[in-house]
Amino acid sequence: MLRPTYMELMDKANKDVKEGEEPVVKSRYSIVLAAAKRARQIIAGEQERIVTPDIKPLSLAVEELDSGKVTIENGGNGN
């Protein structure tokens with residue numbers, strides 16, 4: 001099994017949502033979009049927020065999401 005799981009990433013993205021508020025991430029699709037967007041940013045030359053040698057951009061994007069170095073805003077945009 002791959003780590004982190006979609007559910008773990010969804011829980012981290014929604015951790016600050018208070019009861020009655022709309023969750024930031026509602027589906028795995030949002031996680032995939034955010035990770036793909038961040039990977040494209042890394043490929044385009046944006047500064048990596050985690051220093052990990054020899055890791056592919058998509059794996060790095062997922063690690064950044066998991067560590068909290070990159071967050072997801074409403075609409076699935078990574079920032």
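A salt bridge is a side-chain nitrogen of Lys or Arg within 4 Å of a carboxyl oxygen of Asp or Glu. Keep that in mind as we walk through this predicted model, since the structure holds six salt bridges.

Let's begin with how confident the prediction is. The average pLDDT of the protein is 88, and 91% of the residues score at least 70. Among its elements, helix 2, residues 28–43, has the highest mean pLDDT, at 95. At the other end stands strand 2, residues 77–78, with the lowest mean, 47.

Helix 2 is a good place to look next. Its 16 residues should span 22 Å at 1.5 Å a residue, and this agrees with the model because the end C-alpha atoms of helix 2 are 23 Å apart. Now turn the helix and see which residues are hidden: Ser30, Ile31, Ala34, Ala35, Arg38, Ala39 and Ile42 are buried. They lie on the same side of helix 2, because they cover an arc of only 165 degrees around the axis. The spacing has a simple background: an α-helix has 3.6 residues a turn, so residues three or four places apart point the same way. On the other side of helix 2 you will find Tyr29, Arg40 and Ile43, which are exposed. Just after the helix comes glycine 45, with a positive phi of about 110 degrees.

One of the buried residues of helix 2, Arg38, brings us back to the salt bridges. Arginine 38 pairs with glutamate 64, and their closest N and O atoms are 2.5 Å apart. This pair joins distant parts of the chain: arginine 38 sits in helix 2 and glutamate 64 in helix 3 (residues 57–67), 26 residues apart. Both partners are buried.

From here you can follow a network of salt bridges that links Arg38, Glu46, Arg49 and Glu64. Within it, arginine 49 forms a salt bridge with glutamate 46, with 3.7 Å between the closest N and O atoms. Are these two buried or exposed? Neither label fits, because buried means under 20% relative accessible area and exposed over 50%. Arginine 49, at 35% relative accessibility, therefore counts as partly exposed. Glutamate 46, with a relative accessible area of 34%, is partly exposed too.

For a last stop, look at glutamate 22 and lysine 26. They form a salt bridge whose closest N and O atoms are 2.4 Å apart. Here both glutamate 22 and lysine 26 are exposed, whereas glutamate 64 and arginine 38 are both buried.

Definitions and conventions: Residues numbered from 1 in each chain as written. Predicted model: local features only at pLDDT ≥ 70, side-chain atom pairs only at ≥ 80, totals over all residues. Heavy atoms only, no water. pLDDT = per-residue confidence, 0-100. Helix = DSSP H or I, 4+ residues; strand = E, 2+ residues; numbered from the N terminus. Buried < 20%, exposed > 50% of the residue type's maximum accessible area, 1.4 Å probe, protein only. Expected span 1.5 Å × (residues − 1). Arc of directions from axis to C-beta.
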